[in-house]
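Subject: Structure handover

Hi there,

Here is the structure I promised to pass on to you. Please have it open while you read the notes underneath.

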Amino acid sequence: MIEYIKGELTELTPAYATVEAAGVGYGLNISLNTFSALQKKEERGESSEVRGTRCEVRAVKLYVYEAIREDAHVLYGFYNKKEREMFELLITVSGVGTNTARMMLSGMSVAELCSAISTGNAKLIQSVKGVGKMTAQRIIVDLRDKIVALGIADEIPAGGSVAAPVNNAVRDEAVAALTMLGFSPAPTQKVVVQILQQQPELPVEQVVKLALKQIK
């Protein structure tokens with residue numbers, strides 16, 4: 001079993017990272033939260049251009065989950081143990097596979113997801129692509145006690161607040177427009193959602209204008 005991989009980050013995209021350790025390049029599927037955490041480190045040290053993605057060559061440590069199937073051996077990487085623990089809990093729920101769990105951890109932080117589960121906010125959980133009403137309810141029922149028992153619920157922010165819902169139509173239209181301009185969908189959506197959470201009444205064109213100033 002691989003607990004973690006520590007080495008040089010040589011490739012980074014919103015969904016994938018390559019870490020070279022002892023001469024071996026390990027490809028890991030990552031969430032948008034892990035991508036953002038890794039990106040924040042890029043301001044320090046030297047950087048290189050890898051497959052068109054600006055990526056600092058530096059030491060990183062990613063905790064690993066191994067999905068071993070008959071036809072594939074897939075590695076998932078996480079910036080911290082809390083995110084991996086939440087991922088492992090999510091895939092124990094009927095109807096939630098590894099791809100859906102990663103999508104959930106891309107759409108919400110561990111703190112936001114814990115809060116949604118503990119408060120029974122099925123609507124917020126359903127906002128993640130691929131998660132239906134029944135699956136959201138199963139996640140709440142199956143994991144509410146487990147996140148407390150494992151200490152993951154410690155991630156819940158004071159007051160148990162969660163991110164405000166956003167106008168999905170405006171979000172999707174803004175992301176589509178920015179994608180057509182050449183920006184990557186995953187980091188673009190994160191910026192657009194943040195803008196709409198702060199200013200939910202903004203029309204699409206204003207969201208796009210603000211996003212253009214924030215997307216790096």
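Below is what turned up, going from the strands to the cores, the rings and the charged pairs.

One thing to keep in mind throughout is that this is a predicted model.

**Strand β7 and its partners**

I would begin with strand β7, which covers residues 73-78. Of its 6 residues, 5 are buried, so the strand is largely enclosed by the rest of the structure. On one side of the pairing list is β6, which runs antiparallel to β7 and is joined to it by 6 bridges. These two strands make a hairpin, with 4 residues between them. If you want a spot to look at, Ala 67 has Val 74 in β7 as its bridge partner. The other pairing is with strand β3 (residues 24-30), which is parallel to β7 over 2 bridges. There, Asn 29 has Tyr 76 of β7 as its bridge partner.

**Two nonpolar cores**

β7 also turns up in the largest nonpolar core, as one of the elements that give two or more residues to it. That core has 30 residues, and those touching the most other members are Met 86, Leu 90, Leu 113, Ile 125 and Ile 139. Besides β7, the elements contributing two or more residues are α2 (81-90), α3 (98-107), α4 (110-118), α5 (122-126) and α6 (133-149).

What does Met 86 contact, once its neighbours within four places in sequence are left aside? The list is Leu 105, Val 110, Leu 113, Cys 114, Ile 117, Ile 147 and Ile 152. There is also a second, separate core, made of 15 residues, with Ile 5, Leu 38, Val 60 and Leu 62 among them. As general background, nonpolar side chains tend to be buried together in soluble globular proteins.

**Aromatic rings**

The count of aromatic pairs comes to 5. One of them is Tyr 4 with Tyr 63, an edge-to-face pair with 6.1 Å from centre to centre and 70 degrees between the planes. Tyr 4 belongs to strand β1 (residues 4-13) and Tyr 63 to strand β6 (residues 59-68), so this pair ties together parts that are 59 residues apart in sequence. Are the two rings' residues buried or exposed? Tyr 4 is partly exposed, at 40% relative accessibility, whereas Tyr 63 is buried, with a relative accessible area of 15%. Tyr 4 has a charged companion too: Lys 61 lies over its face, 4.2 Å from the ring centre.

Elsewhere, one aromatic cluster is formed by Tyr 65, Tyr 76, Phe 78 and Phe 87. Tyr 76 is the residue already mentioned as the bridge partner of Asn 29.

**Salt bridges**

How many salt bridges does the structure hold? There are 3.

- Glu 3 and Arg 84 have their closest N and O atoms 2.8 Å apart. This pair links distant parts of the chain, with Glu 3 in the segment before β1 and Arg 84 in helix α2, 81 residues apart. Glu 3 is partly exposed at 32% relative accessible area, while Arg 84 is buried at 8%.
- Arg 69 and Asp 71 have their closest N and O atoms 3.6 Å apart. Arg 69 is partly exposed, at 43%, and Asp 71 is exposed, at 65%.
- Asp 172 and Arg 171 have their closest N and O atoms 3.0 Å apart. Asp 172 is partly exposed at 41%, whereas Arg 171 is buried at 13%.

Happy to talk any of this over whenever suits you.

Best wishes

Methods:
Residues numbered from 1 in each chain as written. Predicted model: local features only at pLDDT ≥ 70, side-chain atom pairs only at ≥ 80, totals over all residues. Heavy atoms only, no water. Phe/Tyr/Trp six-rings, centres within 6.5 Å; stacked < 30°, edge-to-face > 60°. Buried < 20%, exposed > 50% of the residue type's maximum accessible area, 1.4 Å probe, protein only. Lys NZ or Arg CZ within 6 Å of the ring centre and 35° of its normal. Pairing = 2+ DSSP bridges. Core = buried A, V, L, I, M, F, W, Y, C linked by side-chain atoms within 4.5 Å. Contact = heavy atoms within 4.5 Å. Salt bridge = Lys/Arg side-chain N within 4 Å of Asp/Glu carboxyl O.
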